[in-house]
Amino acid sequence: MLDSMSTRDRSPRKRDDGDGDGDEPKQPAKRVAYITPEGAKRLRAELDELWTRERPRVTQQVSDAAALGDRSENADYIYGKRRLREIDRRVRFLSKRLDVIRIVSEPPNDPKRVFFGAWVTVEDEDGNEKTYRIVGADESDLERGFISMDSPVARALLGKREGDDLTIKVPRGDVEYTILAVRYTA
């Protein structure tokens, strides 16, 4: 019986907070982290660079500095150990992140609507045009026009079509945009 039951059919396990009153806290829902194929490739390249080149180089520097003697006053040794901790922390983060991200490589069924991965050209009320690409949080880069799908601008754009008008609340006030173009290729 239990073998045929899926996890979707089971009620979630409750965590006991130890006070015996039955009001255990709910687990926050985990959000799926989306990323473009290019973004995933960049994360993998960074992980590879850190693990195969940077970490061995810094490890050798630390080893050389340690061979010089007194480590307590050896700046190369102290800095090298700190750099190794930073590299290891980033390697752990990237490894875990690459395990949970979902790569979105297929265009949507309706290419005229704004979804994840879209290049969107908008015009503001002053006639200024801007082009944004809606990407995951790991690859947002405003200088390149890559905005996180969690940003206010991207959330307002998602699901809209070419020609739609929208008002976005930003820290400096409301901004009105008209969507001029939506495309899924660079």
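This section describes the open sheet and the largest pocket of a predicted model.

The sheet is open and holds 5 strands. Their order is β5-β4-β3-β7-β6, and the pairing is mixed. Two strands lie at the edges: β5 (146-148) and β6 (165-170). Each of these pairs on one side only. From one strand to the next, the twist averages 45°.

Strand β3 spans residues 119-124, and β7 spans residues 173-183. The two run antiparallel and are joined by 6 bridges. Valine 120 has valine 182 in β7 as its bridge partner. Strand β3 is also joined to β4 (residues 129-135), again in the antiparallel sense, by 5 bridges. Here threonine 121 is partnered by threonine 131 of β4. The connection between β3 and β4 is a hairpin, with 4 residues between the strands. Glycine 127 sits in this turn and has a positive phi of about 85°.

The pairing of β4 with β5 is parallel and rests on 3 bridges. In this pairing, valine 135 stands opposite serine 148 in β5. In a regular strand, side chains alternate between the two faces of the sheet.

The model also contains pocket space. The largest pocket has a volume of about 180 Å³. It is lined by 14 residues, of which Val104, Ser105, Gly117, Arg133 and Tyr184 are the closest to its centre. By residue class, the lining comprises 8 nonpolar, 3 polar and 3 charged residues. Arg133, one of the residues closest to the pocket centre, falls within the residue range 129-135 of β4.

Notes:
Residues are numbered from 1 along each chain as its sequence is written. This is a predicted model: local features need pLDDT of at least 70, side-chain atom pairs count only at pLDDT 80 or more; totals for chains, interfaces and linings use all residues. Side-chain values use heavy atoms; hydrogens and water are left out. On a 1 Å grid over the protein atoms alone, a cavity is a set of points where a 1.4 Å probe fits but cannot get out, and a pocket is an open set with protein on both sides within 12 Å along at least five of seven lines; lining residues have an atom within 4 Å of a point. Grid points are joined across faces, edges and corners, and a volume is the space filled by probe spheres set on the points. Ala, Val, Leu, Ile, Met, Phe, Trp, Tyr, Cys and Pro count as nonpolar, Asp, Glu, Lys and Arg as charged, and the others, Gly among them, as polar. Two strands pair if DSSP finds at least two bridges between them. Axes are lines fitted to C-alpha atoms, for helices over the stretch in contact, and angles run from 0 to 180 degrees between N-to-C directions.
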